[in-house]
Structure formats: structure tokens, C-alpha cells
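Good morning, and thank you for the time on today's agenda. I would ask everyone to look at the model on the screen while I describe it.

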Amino acid sequence: MKKSELRQKYKQLRSQLSENEIDDFSIAIANQLLTLDIWNKSFYHIFLTIEEQKEINTDFILNILAGKDKHIVISKSNFNDYSMSHYLLTDSTTIKKNRYNIPEPIDGIEIKPSQLDVVFIPLLAFDTIGNRIGYGKGFYDRFLANCKPETIKIGLSFFKAEDEISDFSENDIKLDYCIVPDKIYHF
């Protein structure tokens, strides 16, 4: 299927999930993550949940990262050039929703993408070879292109892989893993 068809399909599927299902699936995804050999790293980038989009609740992963004393990095989006700036999440970080309901840090200690060891990536859909589909603005492709080659890229999804995304491009950056509630995909 094409990206546009898959975006529509998965937005519809997510819209049908209840709050309890989202929490149950999010906990299962966090538990799956605990089995990966990724916890010896220092800098972990994670997205903050856009509740209005019925995204995965990343609070459970944030709790794991905090409990393991990891450096947690979150982003702020620039909709003029579709770029992101990244900030260390600390006890004094102020988070506010932007006009698209994305929770973002107001300011803080800036972290370069080249410092990141692991990136958790929001997505709408992915396929069996690690291609992923987001909301279509390319924020994460631009961001991931600036990470070091060994940065581990982990997608998080409520739903299993599609067989194929037919219209991906060479600018699309593939995942290393994708975690769903009952499975870990390794690419």
C-alpha cells in the first residue's frame, strides 16, 4: 500500500482505541522494550505523547528511563522548516503544548542529535523491512539523518507490520527495531 492510504488506515484504527486499550498496549510495549539489549547506553530520545492523536503513552518508558538514571532527551518542533531541537529533560524542564497539541520543552540544555544513543520514534505504520510512516512532514527523517550511524532507532506501534510500503524514498530512514504489544521486530 501507499503511504497516503496507510496514514488514513492507521489514523482510523487508532481513533477506535479506548483509553484502557491505549494504556494496556503502552504498558506491553514498555515491557517488550525491557527485553532489548539497549540499556547500557546514556542518551535516550523519546517523544512525548500527543493524546489527541491517540499515540502510545510514553510515560511508562519515561519511568523506565528515569529509574535507570538515563539522560532523557525530548524535542521541540519548528514548523517553519520542519526541524527539531532537542533538550535534556530535567526536574526543572517546563513542558507546554504547542498549537498542534505536541507537548514540548519551553527551553533547557540543548543536546545535539550526534549525542544520542537510542531514539524512540512515533509512527503510524511500518513494514516488514523497517520502513516507517509518520504524519508526513519529515521531521524524524531530517532529525535521524543528523544522528550518528550507530544510533539505535526504535519505532513504537500499536499494530503489526504491513507487508510493504510501496512508495518509500531513499530519504526515508529505516528502523532498527519496531516494538508492538506482543512482538519485537528486528530489521
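I begin with one residue, Tyr82, which lies in the loop between β2 and β3. Please bear in mind that this is a predicted model. The phi angle of Tyr82 is near 55°, a positive value in a residue other than glycine. Most residues other than glycine have a negative phi. Is Tyr82 buried, exposed or partly exposed? Its relative accessibility is 28%, so Tyr82 counts as partly exposed.

A second residue has a phi of this kind. For Asp69 the angle is near 55°, again a positive value in a residue that is not glycine. Asp69 is found in the loop between α3, residues 59–67, and β2. With a relative accessible area of 68%, Asp69 is exposed.

Let me return to the loop between β2 and β3, and to an aromatic pair that involves it. The structure holds eleven aromatic pairs. In one of them, the ring centres of Phe79 and Phe139 lie 5.0 Å apart and the planes meet at 70°, so the pair is edge-to-face. Which parts of the chain does this pair tie together? Phe79 lies in the loop between β2 (71–78) and β3 (83–88), while Phe139 lies in helix α4, residues 139–145, so the pair joins parts that are 60 residues apart in sequence.

The two partners may be described in turn. Phe79 has a relative accessibility of 22% and therefore counts as partly exposed. Phe139, at 12%, counts as buried, the cut-off for buried being under 20%. Leaving aside residues up to four places away in sequence, Phe139 touches Ser77, Asn78, Phe79, Tyr82, Ser83 and Met84. Tyr82, with which I opened, is thus one of the residues that Phe139 touches. By contrast, Phe139 and Asp23 are 26 Å apart in space, C-alpha to C-alpha, and 116 residues apart in sequence.

I turn now to other aromatic residues. The rings of Trp39 and Tyr44 have centres 5.7 Å apart and planes at 15°, so this pair is stacked. Trp39 and Tyr44 are both buried. In addition, Tyr10, Phe25, Phe158 and Phe159 form one aromatic cluster.

Let us step back to the chain as a whole. How many helices and strands does the chain have? There are four helices and eleven strands. The radius of gyration is 15 Å, close to the 16 Å that the globule rule gives for 187 residues, so the chain is as compact as a globular protein of that length. Along its principal axes, the C-alpha trace spans about 45 × 35 × 35 Å. Of the 187 residues in the chain, 50% are buried.

The contacts within the chain reach across the sequence. Among contacts between residues at least 6 apart in sequence, 70% join residues at least 24 apart.

Finally, I come to surface and charge. The chain exposes about 9700 Å², and carbon and sulfur atoms supply 46% of that area. There are 23 positive and 28 negative side chains, and the centres of these two sets lie 3 Å apart.

To close, I would draw attention once more to Phe139 in helix α4, whose edge-to-face pairing with Phe79 ties that helix to the loop between β2 and β3. Thank you for your attention.

Note on methods: Residues are numbered from 1 along each chain as its sequence is written. This is a predicted model: local features need pLDDT of at least 70, side-chain atom pairs count only at pLDDT 80 or more; totals for chains, interfaces and linings use all residues. Side-chain values use heavy atoms; hydrogens and water are left out. Helices (H or I, at least four residues) and strands (E, at least two) are DSSP runs, numbered from the N terminus. The radius of gyration is taken over C-alpha atoms; the globule rule is 2.2 Å times the number of residues to the power 0.38. Buried means under 20% relative accessible area, exposed over 50%, partly exposed in between (1.4 Å probe, protein chains only). Contact means heavy atoms within 4.5 Å. Accessible areas come from the Shrake-Rupley method with a 1.4 Å probe; for residues, only the protein chains shown count as cover. Lys and Arg count as positive and Asp and Glu as negative; His and the chain ends are not counted. The place of a charge is taken as NZ of Lys, CZ of Arg, CG of Asp or CD of Glu. Rings of Phe, Tyr and Trp (its six-membered ring) pair if their centres lie within 6.5 Å; planes under 30 degrees apart count as stacked, over 60 as edge-to-face and the rest as tilted.
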